[in-house]
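Visitor: I would like a close look at a single part of this model, taken residue by residue. Please then place the rest of the chain around it.

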Amino acid sequence: MPSPPEMQPRSVERLVRGIATSDGAGVRLTRVLTQDLQRRLDPFLLLDSFRTDDPEDYLSGFPDHPHRGFETVTYMIAGRMRHRDSAGNEGLLGPGSAQWMSAGSGIVHSEMPEQEAGRMEGFQLWVNLPARSKMSAPGYRDIPAAAIPEFAPDSGVRVRVIAGASHGIAGAVERPDTEPLLLDLQLAAGSRFEQPLPAAHNAFVYVYRGSVDVAGTTVPERHMGILANDGGAAVVTAPASDARVLLVAGRPLGEPIVQQGPFVMNTSVEIRQAIRDFQSGALQAGAVRKL
Ligand code: MN
């Protein structure tokens, strides 16, 4: 008997190879989730991946810059980045740690390398806010590596639950509006991981080591596999070699998305207001709370 649709593995709808670009003051990175995919992967707006052993690729960092209207999630694999914001908050991101920052109505911050040599590797994911929360007070949380729950559902599988919940394990972060799931999967050769997902939630995997199989499609290293909304679970196997994979899913907002650089709002009128508020210094003025 065929399994009911809610139990079927989601297929891979499309493979995406990121594009090499630079951002900040010249940091070289790969933009995996680009602006043309924002509608398809609602509520996710951007995924940047960076991995380099050459300090010239990262030393310039991301000096003071504003954000409004969404949240940024930074997840580090290797290296150290220091965060400072306009309200005087400061935090150091090290290997295995994360930072969840809700820009809300506005923040000005910097993200700078805290090293002059060695590997820098990690990700930044942007998660949209619903229209009603875009002008809420900004906030952030630094999450040390030890505070990210980790479990082993099967032999050869380790799961770090940065956001959402997996197999009954609550992640470090829960966000009610879009219920984002962010898992870092470490799969030994021959292992398999299954994650039930609500059918309406948009989802993708990003393979950053090795390659994996998702419902019969090979997703190679440094590729994103967009999962079709055609089943109730993401099923990821590492057939041939060890692999590391981000699994990302969330509830779409279904609202208009207008992005200009570091601002993501619902209308171009709101974008123009954001630019005016930045120019007048209003984005620097607000207090930033702990999330
Ligand atoms: Mn930023």
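Guide: What follows begins with the metal site, goes on to one strand beside it, and then takes up other parts of the chain.

The model is a predicted one, in which local features need pLDDT of at least 70 and side-chain atom pairs count only at pLDDT 80 or more, whereas totals for chains, interfaces and linings use all residues. Residues are numbered from 1 along each chain as its sequence is written, and side-chain values use heavy atoms, with hydrogens and water left out.

The manganese ion has as its protein donors His65 (NE2), His67 (NE2), His109 (NE2) and Glu111 (OE), at 2.1 to 2.5 Å from the metal. Donors here are N, O and S atoms within 2.8 Å of the metal (3.2 Å for Na, K and Ca), and since water is not among the atoms, sites may look incomplete. Along the sequence the donor residues follow the spacing H-x1-H-x41-H-x1-E. Two of them link distant parts of the chain, with His67 in strand β5 (residues 62–67) and His109 in strand β10 (residues 107–113), 42 residues apart. Strands are DSSP runs of E with at least two residues, helices are runs of H or I with at least four, and both are numbered from the N terminus. His67 is buried at 3% relative accessibility, and His109 is buried at 0%, where buried means under 20% relative accessible area, exposed means over 50%, and partly exposed lies in between (1.4 Å probe, protein chains only).

The donor Glu111 also appears among the contacts of Thr74, a residue of strand β6 (residues 70–78). Beyond its neighbours within four places in sequence, Thr74 is in contact with Glu111 and with Leu93, Ser97, Ala98, Gln99, Phe123 and Gln124, contact meaning heavy atoms within 4.5 Å. With Gln124, Thr74 shares a side-chain to side-chain polar contact of 2.9 Å; such a contact is a pair of N or O atoms within 3.5 Å, of which, within protein, one must be able to donate a hydrogen and the other to accept it, and residues adjacent in sequence count only if both atoms are side-chain atoms. Thr74 counts as buried because its relative accessibility is 6%.

Strand β6 also holds Phe70, which is buried with a relative accessible area of 0%. The C-alpha atoms of Phe70 and Ser102 are separated by 6.2 Å, although the two residues are 32 apart along the chain. Ser102 is one of the residues that Phe70 touches once those up to four places away in sequence are set aside, and others on that list include Leu45, Trp126, Leu129 and Phe263.

A further buried residue is Asp184, at 0% relative accessibility, in strand β17 (residues 181–187). Its side chain makes a polar contact of 2.8 Å with that of Tyr208 and another of 2.7 Å with that of Arg244. Tyr75 and Ile77 are among the residues in contact with Asp184 outside its sequence neighbours within four places, as are Arg158 and Arg160.

Strand β18 (residues 192–196) has alternating side chains: Phe193 and Gln195 point to one face and are buried, whereas Arg192, Glu194 and Pro196 point to the other and are not. Five bridges join β18 to the antiparallel strand β23 (residues 233–237), two strands counting as paired if DSSP finds at least two bridges between them. In this pairing Glu194 stands opposite Val235.

Helix α1 (residues 268–279) has 12 residues and reaches 17 Å from its first C-alpha to its last, close to the 16 Å expected at 1.5 Å a residue, the expected span being 1.5 Å times one less than the number of residues. Its buried residues are Ile271, Ala274 and Asp277, which lie on the same side of α1 because they cover an arc of only 125 degrees around the axis, the arc being that of the directions from the helix axis to the C-beta atoms. On the other side of α1, Val269 and Gln279 are exposed.

Some loops deserve a look at their backbone. The peptide bond from Asp42 to Pro43 is cis, with omega near 15 degrees, and Pro43 belongs to the loop between β3 (27–33) and β4 (44–52). His167, in the loop between β15 (165–166) and β16 (169–170), has a positive phi of about 50 degrees although it is not a glycine.
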